[in-house]
Amino acid sequence: MTHATPFAEQSAFEQNLDQLAAVAVHVGLGLKAGQELVMTAPLEAVPLVRRITEHAYRAGASLVTTLYNDDDAALMRFRFAPNAAFDHAANWLYDGMGAAFKSGAARLAITGANPLLLSNEDPDKVGRANHAISMAYRPALELITRHEINWTIVATATPAWAEAMFPDAPPQYALAKLWDAIFETSRINTSDPVSAWKQHDAELQRRAAFLNERRYSALQYRGPETDFRLGLADDHLWMGGGTTAANGIYCIPNIPTEEVFTTPHKDRADGIVTASKPLSYQGTMIEGIQVRFERGRIVEARATRGQEVLQKLIDSDEGARRLGEVALVPQSSPIAHSGLTYFNTLFDENAASHIALGQAYSSCVRDGENLTPEQLAAKGANDSLIHVDWMIGSDKLDIDGITASGAVEPLMRSGEWV
Ligand code: ZN
Ligand code: ZN
């Protein structure tokens with residue numbers, strides 16, 4: 001807070017922050033009375049965390065527990081900890097989160113970390129540390145990817161993130177611009193954000209229903225340096241907007257969200273795909289990604305920046321070279337419309353059609369929650385420690401749907417729904 005800021009503006013900001021918290025609790029989580037809430041957040045998110053905490057208790061939460069991440073402290077580990085330390089993660093912490101989810105807690109993540117935090121650190125240490133976290137978090141993360149519980153992600157602006165997005169702007173101005181972008185794309189800048197979300201959710205559900213009715217067996221992508229055919233999993237289900245978790249609670253897992261998405265077939269991807277945006281992965285930047293798939297597997301991967309991190313990423317395990325998600329997003333979405341690159345997956349994946357390496361969402365396979373891992377794999381759902389979205393959509397990308405009989409139907413032209 002600065003003395004220079006007029007009171008009226010301050011109050012508009014406070015109102016927006018409160019609305020974002022209300023949307024997180026009532027739309028994103030659909031938090032139920034009596035539920036516990038486990039939240040993770042960057043240190044700079046304290047004002048938003050407190051708004052969310054109040055809304056959660058007013059909604060009847062039994063206990064709100066927030067775990068804060070401190071970017072500077074994380075960096076000290078890379079600077080000063082012994083080399084052997086990087087294969088180690090706080091297993092007890094992730095076990096505890098898993099236990100909380102199993103006992104009925106909802107999960108809220110606030111994103112806003114510095115996307116460039118680890119970009120100058122040793123890629124080997126970064127890769128090992130990420131792998132250790134993935135291993136430790138896997139059991140808890142599975143409860144989320146299987147939609148056993150209600151969960152959501154929302155964003156907070158932070159000075160470091162704002163600086164990464166607007167490197168030439170004065171810090172206060174950059175931060176204000178990022179907040180504006182978050183409020184705008186999270187549909188907070190309307191008189192009734194909760195109903196705006198209901199309407200938007202219905203529109204995404206309608207798109208997903210259309211694709212489910214068409215039952216395409218594959219998608220064909222054509223664009224600059226992209227010529228790619230992607231088979232869809234047997235019994236795949238398109239999803240968009242909200243979903244009813246296995247605990248019976250309706251939640252919208254990403255605020256904002258613009259995508260409709262499903263599970264591709266892990267053995268049916270062929271051709272060349274070029275990323276349309278840089279990928280921010282765990283504090284490092286991977287730019288100019290181009291990969292070639294053969295029968296579902298990446299056989300060649302290049303990046304103009306961060307090649308080593310990309311290589312480590314796809315070497316995480318066998319499933320890391322295969323796809324676990326395919327998502328369609330029109331170029332006219334508010335996030336794409338803002339013309340900004342956020343270096344944050346929550347935003348960038350909702351600005352462009354994308355694919356994700358790694359773990360598939362079993363909820364995107366019909367009756368997936370009740371299938372064994374073997375049954376899911378037989379339908380083509382991929383299995384991995386990682387799930388990393390990368391953006392391939394642009395206003396130059398055309399996408400066709402291929403029906404079971406081989407008929408070709410135009411789905412997107414120049415990045416827009418046909
Ligand atoms: Zn996605
Ligand atoms: Zn994803």
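1. In which sense do strand β14 and strand β15 pair, and over how many bridges? In this predicted model, β14 (residues 290–294) and β15 (residues 297–302) pair in the antiparallel sense, and five bridges hold the pairing. Within this pair, Gln 290 has Arg 302 in β15 as its bridge partner. The two strands form a hairpin with two residues between them, and Arg 295 there takes a positive phi near 45 degrees.

2. A second region to examine is an open sheet of four strands, in which the pairing is parallel and the order is β2-β1-β3-β4. The edges are occupied by β2 (63–69) and β4 (151–155), each of which has a single partner strand, so that one side of each is left without a neighbour in the sheet. From one strand to the next, the twist averages 15 degrees.

3. The pairing of β3 with β4 can be followed residue by residue. Strand β3 (residues 106–111) runs parallel to β4 and is joined to it by five bridges; Leu 108 stands opposite Thr 152 in β4, and Thr 111 stands opposite Ala 155 in β4. Although β4 stands at an edge of the sheet, four of its five residues are buried, so this strand is largely enclosed by the rest of the structure.

4. Helix α4 (residues 91–102) packs on the sheet, where it touches β1 (36–42), β2 and β3, and the direction of α4 makes about 145 degrees with that of β1. The helix also packs with α5 (residues 123–145), at an angle of about 5 degrees and with the two axes 8 Å apart. Because angles under 35 degrees count as roughly parallel, α4 and α5 are therefore described as roughly parallel to each other. On the α4 side, the contact is made by Asn 91, Tyr 94, Met 97, Gly 98, Phe 101 and Lys 102, while α5 contributes Ile 133, Ala 136, Tyr 137, Ala 140, Leu 143 and Ile 144.

5. Between α5 and β4 lies a loop, and His 147 has its place there. With a relative accessible area of 5%, His 147 is buried, because buried means under 20% relative accessible area. Leaving aside its neighbours within four places in sequence, His 147 is in contact with Thr 243, Ala 245, Ala 246, Pro 253 and Ser 363. The C-alpha atoms of His 147 and Gln 375, which are 228 residues apart along the chain, are separated by 18 Å.

6. The aromatic side chains deserve a separate comment, since the structure holds ten aromatic pairs. One of them is formed by Tyr 342 and Phe 347, whose rings are stacked at 4.8 Å centre to centre, with 20 degrees between the planes. Tyr 342 is buried, with a relative accessible area of 0%, and Phe 347 is likewise buried, with a relative accessible area of 0%.

7. Two further aromatic features may be checked in the coordinates. Phe 13, Trp 179 and Phe 183 form one aromatic cluster. Arg 187 lies over the face of Trp 197, at 5.9 Å from the ring centre.

Conventions
Residues numbered from 1 in each chain as written. Chains lettered and ligands numbered in written order. Predicted model: local features only at pLDDT ≥ 70, side-chain atom pairs only at ≥ 80, totals over all residues. Heavy atoms only, no water. Phe/Tyr/Trp six-rings, centres within 6.5 Å; stacked < 30°, edge-to-face > 60°. Buried < 20%, exposed > 50% of the residue type's maximum accessible area, 1.4 Å probe, protein only. Lys NZ or Arg CZ within 6 Å of the ring centre and 35° of its normal. Pairing = 2+ DSSP bridges. Axes fitted to C-alpha atoms, helices over the stretch in contact; angles between N-to-C directions. Contact = heavy atoms within 4.5 Å. Parallel < 35°, antiparallel > 145°, perpendicular 65-115°, else oblique.
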